[in-house]
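Colleague: I am new to this structure and would like to learn how to read it. Could you take me through a few of its features, one at a time?

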Amino acid sequence: MKVESSVLFLASSVAATRSAKRGLVHIPNSNWPQDNNIWIQSGSDITWYYNYGQAPSSQYTSVPQSQLEFVPQKWGQSSNPSDTSFSTYVKQLISGGRAIKNVLAYNEPEYPYSSGGAQLSPNTAAIGWIADFVPLQKQGVRIGLPAVNGDDYGLQWLAQFLGNCTQMVKQSNTATSCPYDFLPIHWYNNFQGLQTLLNNVNSQFHPPKIWLTEFTDPNVDLATTQQFYNQAIPYLDGLSNLERYSWFGAFRSNVSNVGPNATFLNRAGKLTDIGSFYLGGGATGVLPTSG
Ligand SMILES: *[C@@H]1O[C@H](CO)[C@@H](O)[C@H](O)[C@H]1NC(C)=O
Ligand SMILES: *[C@@H]1O[C@H](CO)[C@@H](O)[C@H](O)[C@H]1NC(C)=O
Ligand SMILES: *[C@@H]1O[C@H](CO)[C@@H](O)[C@H](O)[C@H]1NC(C)=O
């Protein structure tokens, strides 16, 4: 295990970083309700979360918004493209006392339902987004673009979405370009690719801010995963227009769809090194595949 112990050493040398950018992709598992408490344990560095839905996670409804900011997401769209049920719901959350500051739009709309995507054409998504997000922005909520994957296909979808949205807002004389506050993006590959992606996103779209709302280097060995973590986290923390990030892996290794080594918890629900680092703690030495 020589290789792994040197990895653990390397990893612990950056372990103590904390960051206001760090958030949680909350994927509750009803088999292990106790896991929900790990992310909000005392000293946790996580300050915000989303769960792919419009309602706060039932496990966190009593946690104040000021301690753990919930970011609602409109995952997909009903058959009525002008449906405004999401903005109606978010306004209710606000009037009920939960100070919603940011919202997320469609999850991977460029992919079909069968691949976990919201399956929307850029044109349909633009109609829905103008109907259901722009009114929230007028009320002071910051609105994120649809969250595509950071590959060529996703960026092409996003460019077409912005093309449609810009045309529509110009026609209605409300703006000269598609109004949005931040650009969410997903990344599942190596560190070099992540750097290239963020450079490309900046030069192609000039977004005010970027949020990396799902990312990891999936299905690789533990040493490579930890190296990715150690390179990606300081890089993201140092980028001034990268406002927030949320690693995809807040679950146990044996229910993972990104391979076991990217996960924050081992089979028994103990924090792995990466899981502990992400919460602001030190190395645990817990192998993701153990337990
Ligand atoms: C609008 O989206 C459609 C696909 O839904 C695409 O074919 C078209 O090129 C887009 N328009 C602009 C101006 O980008
Ligand atoms: C996870 O990491 C272990 C140790 O490095 C390795 O043996 C295993 O193949 C990795 N799993 C995957 C899916 O890459
Ligand atoms: C995951 O591991 C736990 C603990 O060993 C076990 O109880 C559970 O059945 C496993 N789940 C799956 C989907 O393999």
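Modeller: We will go through the ligand, then the salt bridges, then one threonine, and please keep in mind throughout that this is a predicted model.

Colleague: Let us begin with the ligand: which residues are around ligand 1?

Modeller: The usual way to start is to list the neighbours, and here the residues around ligand 1 are Ser121, Pro122 and Asn123, together with Gln160, Gly163, Asn164 and Gln167. Taken by character, this shell divides into 1 nonpolar residue and 6 polar ones, with no charged residue.

Colleague: Which helices supply at least two residues each of that shell?

Modeller: Two helices do so, namely α4, which spans 122-132, and α6, which spans 152-171. The largest share of the shell, 4 residues, comes from α6.

Colleague: And where do polar atoms of the protein and an oxygen atom of ligand 1 come together?

Modeller: In the side chain of Asn164, an N or O atom is 2.3 Å from an oxygen atom of ligand 1, while at Asn123 a polar backbone atom is 3.1 Å from an oxygen atom of the ligand. As for cover, ligand 1 has 370 Å² of accessible area on its own, and the protein covers 56% of that area.

Colleague: Let us turn to charged side chains. How many salt bridges does the count come to?

Modeller: The general idea is that side chains of opposite charge can pair when their charged atoms come close. In this model the count comes to 6 salt bridges. One of them is between Arg22 and Asp45, whose closest N and O atoms are 3.3 Å apart. That pair links distant parts of the chain, since Arg22 is in the loop between α1 and β1 whereas Asp45 is in the loop between α2 and β2, 23 residues apart.

Colleague: What other salt bridge does Arg22 take part in, and with which residue?

Modeller: Arg22 also meets Asp237 in a salt bridge, with 3.7 Å from N to O. Here too the pair links distant parts of the chain, with Asp237 in helix α8 and the two residues 215 apart. Through shared partners, the salt bridges join Arg22, Asp45 and Asp237 into one network.

Colleague: Which members of that network are buried, and which are partly exposed?

Modeller: Arg22 counts as buried because its relative accessibility is 0%, and Asp45 counts as buried because its value is 7%. Asp237, at 23% relative accessibility, counts as partly exposed, because buried means under 20%.

Colleague: Where does Lys74 form a salt bridge, and with which residue?

Modeller: The side chain of Lys74 meets that of Asp132, with 2.7 Å from N to O. Lys74 is in the loop between β3 and α3, and Asp132 is in helix α4, 58 residues apart. Both Lys74 and Asp132 are buried.

Colleague: For the last step, why does Thr272 count as buried?

Modeller: Thr272 counts as buried because its relative accessibility is 2%. The place of Thr272 is in the loop between β9 and α9. Beyond its neighbours within four places in sequence, Thr272 is in contact with several residues, including Phe264, Leu265, Val286 and Pro288.

Colleague: Which backbone atoms does the side chain of Thr272 reach?

Modeller: The side chain of Thr272 reaches the backbone oxygen of Thr263 at 2.9 Å, and also the backbone nitrogen of Gly275 at 3.1 Å.

Conventions
Residues numbered from 1 in each chain as written. Chains lettered and ligands numbered in written order. Predicted model: local features only at pLDDT ≥ 70, side-chain atom pairs only at ≥ 80, totals over all residues. Heavy atoms only, no water. Near = heavy atom within 4 Å. Polar contact = N/O pair within 3.5 Å; in protein donor to acceptor, adjacent residues only side chain to side chain. Areas by Shrake-Rupley, 256 points an atom, 1.4 Å probe, with all protein chains shown as cover. Nonpolar A, V, L, I, M, F, W, Y, C, P; charged D, E, K, R; others polar. Buried < 20%, exposed > 50% of the residue type's maximum accessible area, 1.4 Å probe, protein only. Contact = heavy atoms within 4.5 Å. Salt bridge = Lys/Arg side-chain N within 4 Å of Asp/Glu carboxyl O.
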